Amino acid sequence: MTALALRPLDRLRALNGSGFLHGAAGLVVVLLLWQLAVAFISSGNGTIPSPLQIARQMQADGFRFYADAASYTVSAALRGWLWGNGLAITLALVAVAIPFLERPILQLGIVSYCLPIVAIGPLMMILFSGDTPKVVLAGLSVFFTTLIGTVTGLRHVDRTMLDLVHGFGGGTRHKLFKVRLISALPHLFAALRIAAPAAVLGAIVGEYMGGTETGLGLMLVNSQQAMEIPRTWAIAVVASVLAAIAYAATSVAARLLTPWAREMSADIGSGLHANSGGAGGWAMAIASALGSLGLVLVVWWAILRGFSVPPFFGKGPLEVWNYLVDPLMGAQNRIQLMREAIVTIRDSAAGLVVGTVAAIVVAVAFNLWGGVERAFMGVAIALRSIPLVAMAPLVTLVFGRNMLAVVMIGAIVTFFPTLVNMTLALAQTPARSRDLMRVFGASRFRTLMTVQIPSALPALFTSLRTAAPLAITGALLAAWLATGKGLGYAIVTTAAVSDYEGLWARVALTTAFSILLYALIGLVERLVLKAYAN
């Protein structure tokens, strides 16, 4: 018993030993290259301060300047993290226990995750007071990721264990809590790792939108308006450190609570039982999608009525429909929406592809060279936690108001979830499969390509489903803060001129696009996993 109690401590010592040294070395290398690049190559027309400039700014401002604002942001992020994750886990359990509700729950999760913050932020300032708007945004930022990760974990279980429980007379409840939930813990903690920095980002975005007296988001607004670029980057560094601490705490909790979680099932076709490929399966999928759409419309209407949103601000499905079919302006409205949607689809696809490919390449490098992972995973966390609403204008100044800036913004927001999931999946390929390849003299690269990557395909598609809404969010941010084209910019301009019919029409179109993209990824997933399973 004593030996078992010491094992978690041994793991923590290992984490704080060589892992810490590798991480520190990686951080030093990045900071050194950053300093040299700014000093001798380019400072991005003054928009990229060196690490020394940022450090001097933080020293001049003092510890309390950042600590006081950070405490408010952390408080809101923690409350949003608890509420969002609690609701996501509860609904995931309901979705698996009652399969008919799975698709509607997931579709509602997509809707909640894809709602453009630039549109719902001002509305939340009207509906709520105090810290509630940023708590809600923090909760929305973590809800979908945890929901998808938990449902995936609950579905990917050893069928033998389920049959064993059934053989001893266990029902759905016993299977859910004694088998599925325990088996899902590695996937759940992988999602919580992503959710931790996302909660910090959501709280900062809520503060950035206004309606708060303090916080890192408000400091960002003030520093940007005053063109205090070193202070803006210093605030981003503080936000990144907070997110990194949250990520590290979740990782430590995962190591302590799931010491047995070292491998993932190689039976990647096991999750196909819920998605039959016959005509009946497709009919059920179409019927479920239509039911989800109807449920979304009902919830949309219920929220407007339940919160007594003034009709001037809140437009329901009927008003949006009239906006599109109006005899005088309907055709013009539809043409304009189509033009904006094409731009957003292009930008979303570019960011998703570039971010996913970059994440896979980095995950492979992390797997082949463990020291690289320990050294540079912290840098990847920082990329996810930097508040892009604040940094997008700086990205634009550095790269210009062109497609490159759009791709950079979209790639950054999609990179981290895929990197975390793929790194975890590649590391947890069953040891017996790797040993078999080693016996036959296969190289590490060949083992990676023939065993580890195929085994990691479920994690990849989970990442794509998670990253797709983020790619849309990145495209909206790029349009709003960089290019001035697409649905993101149109949402801001329609809100500014009080064209709330146009505003809600664009929110609805963005949501529909998100659902379509999610369904397309699901179709590709079924085809690919079925091919490998056969």
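This dialogue works through several features of a predicted model.

Colleague: How many salt bridges does the structure hold?

Modeller: Side chains of opposite charge can pair when their charged atoms come close. The structure holds seven salt bridges. An example within one helix is the bridge between the side chains of Asp68 and Arg64, at 3.2 Å from N to O. Both residues belong to helix H4 (residues 63–97), where they are four residues apart, or about one turn of the helix.

Colleague: Are Asp68 and Arg64 buried or exposed?

Modeller: Asp68 is partly exposed, because its relative accessibility is 34% and the partly exposed class lies between 20% and 50%. Arg64, with a relative accessible area of 56%, is exposed.

Colleague: Which residue forms a salt bridge with Glu340?

Modeller: The partner of Glu340 is Arg506, and the closest N and O atoms of this salt bridge are 2.7 Å apart. Arg506 lies in helix H23 and Glu340 in helix H15 (residues 330–368), so this pair ties together parts that are 166 residues apart in sequence. Arg506 is buried, with a relative accessible area of 4%. Glu340 is also buried, at 8% relative accessibility.

Colleague: What separates the C-alpha atoms of Glu340 and Ala490?

Modeller: The separation of these C-alpha atoms is 7.7 Å, while Glu340 and Ala490 are 150 residues apart along the chain. Glu340 thus appears in two connections: the salt bridge with Arg506 and this C-alpha pair with Ala490.

Colleague: How is the salt bridge between Asp347 and Arg346 to be read?

Modeller: In this salt bridge the closest N and O atoms are 3.0 Å apart. Asp347 counts as buried, at 2% relative accessibility, whereas Arg346 is partly exposed, with a relative accessible area of 45%.

Colleague: Which residues are linked in a network of salt bridges?

Modeller: The network links Asp61, Glu228 and Arg231.

Colleague: Let us turn to the aromatic residues. How many aromatic pairs are there?

Modeller: There are three aromatic pairs in the structure. For Trp34 and Trp233, the ring centres are 5.8 Å apart and the planes meet at 55°, so the pair is tilted. The reasoning rests on the angle, because planes under 30 degrees apart count as stacked, over 60 as edge-to-face and the rest as tilted. This pair links distant parts of the chain: Trp34 belongs to helix H2 (residues 18–40) and Trp233 to helix H12 (residues 229–257), 199 residues apart. Trp34 is partly exposed, with a relative accessible area of 23%, and Trp233 is buried, with a value of 16%.

Colleague: What kind of aromatic pair do Phe65 and Tyr66 form?

Modeller: Phe65 and Tyr66 form an edge-to-face pair, with 5.0 Å from centre to centre and 85° between the planes. Phe65 is partly exposed, with a relative accessible area of 33%. Tyr66, by contrast, counts as buried at 4% relative accessibility.

Colleague: How many cavities of 30 Å³ or more are there?

Modeller: A cavity is a space where a 1.4 Å probe fits but cannot get out. The count here is four cavities of 30 Å³ or more. The second largest has a volume of about 160 Å³.

Colleague: Which residues lie nearest the centre of the second largest cavity?

Modeller: This cavity is lined by 15 residues, and those nearest its centre are Gly149, His187, Ala190, Asn421 and Thr462. At least two residues of the lining come from each of helix H7 (132–155), helix H10 (185–208), helix H18 (403–427) and helix H21 (457–483).

Colleague: Which residues form the nonpolar patch on the surface?

Modeller: The patch consists of Leu295, Val298, Val299, Ile303 and Phe307, which together have about 390 Å² of accessible area. Leu295 is placed in helix H13 (residues 279–306). At 32% relative accessibility, Leu295 is partly exposed. Its value suffices for membership on this count, because patches are made of residues with over 30% relative accessible area.

Colleague: Finally, what is the phi of Ser498?

Modeller: Ser498 has a positive phi, about 60°, although this residue is not a glycine. Ser498 is found in the loop between helix H22 (487–496) and helix H23 (500–533). With a relative accessible area of 34%, Ser498 is partly exposed.

Conventions. Residues are numbered from 1 along each chain as its sequence is written. This is a predicted model: local features need pLDDT of at least 70, side-chain atom pairs count only at pLDDT 80 or more; totals for chains, interfaces and linings use all residues. Side-chain values use heavy atoms; hydrogens and water are left out. Patches are made of residues with over 30% relative accessible area and no salt bridge: like charges are joined within 9 Å, nonpolar side chains (Val, Leu, Ile, Met, Phe, Trp, Tyr) within 5 Å. Accessible areas come from the Shrake-Rupley method with a 1.4 Å probe; for residues, only the protein chains shown count as cover. A salt bridge is a side-chain nitrogen of Lys or Arg within 4 Å of a carboxyl oxygen of Asp or Glu. Buried means under 20% relative accessible area, exposed over 50%, partly exposed in between (1.4 Å probe, protein chains only). Rings of Phe, Tyr and Trp (its six-membered ring) pair if their centres lie within 6.5 Å; planes under 30 degrees apart count as stacked, over 60 as edge-to-face and the rest as tilted. On a 1 Å grid over the protein atoms alone, a cavity is a set of points where a 1.4 Å probe fits but cannot get out, and a pocket is an open set with protein on both sides within 12 Å along at least five of seven lines; lining residues have an atom within 4 Å of a point. Grid points are joined across faces, edges and corners, and a volume is the space filled by probe spheres set on the points.
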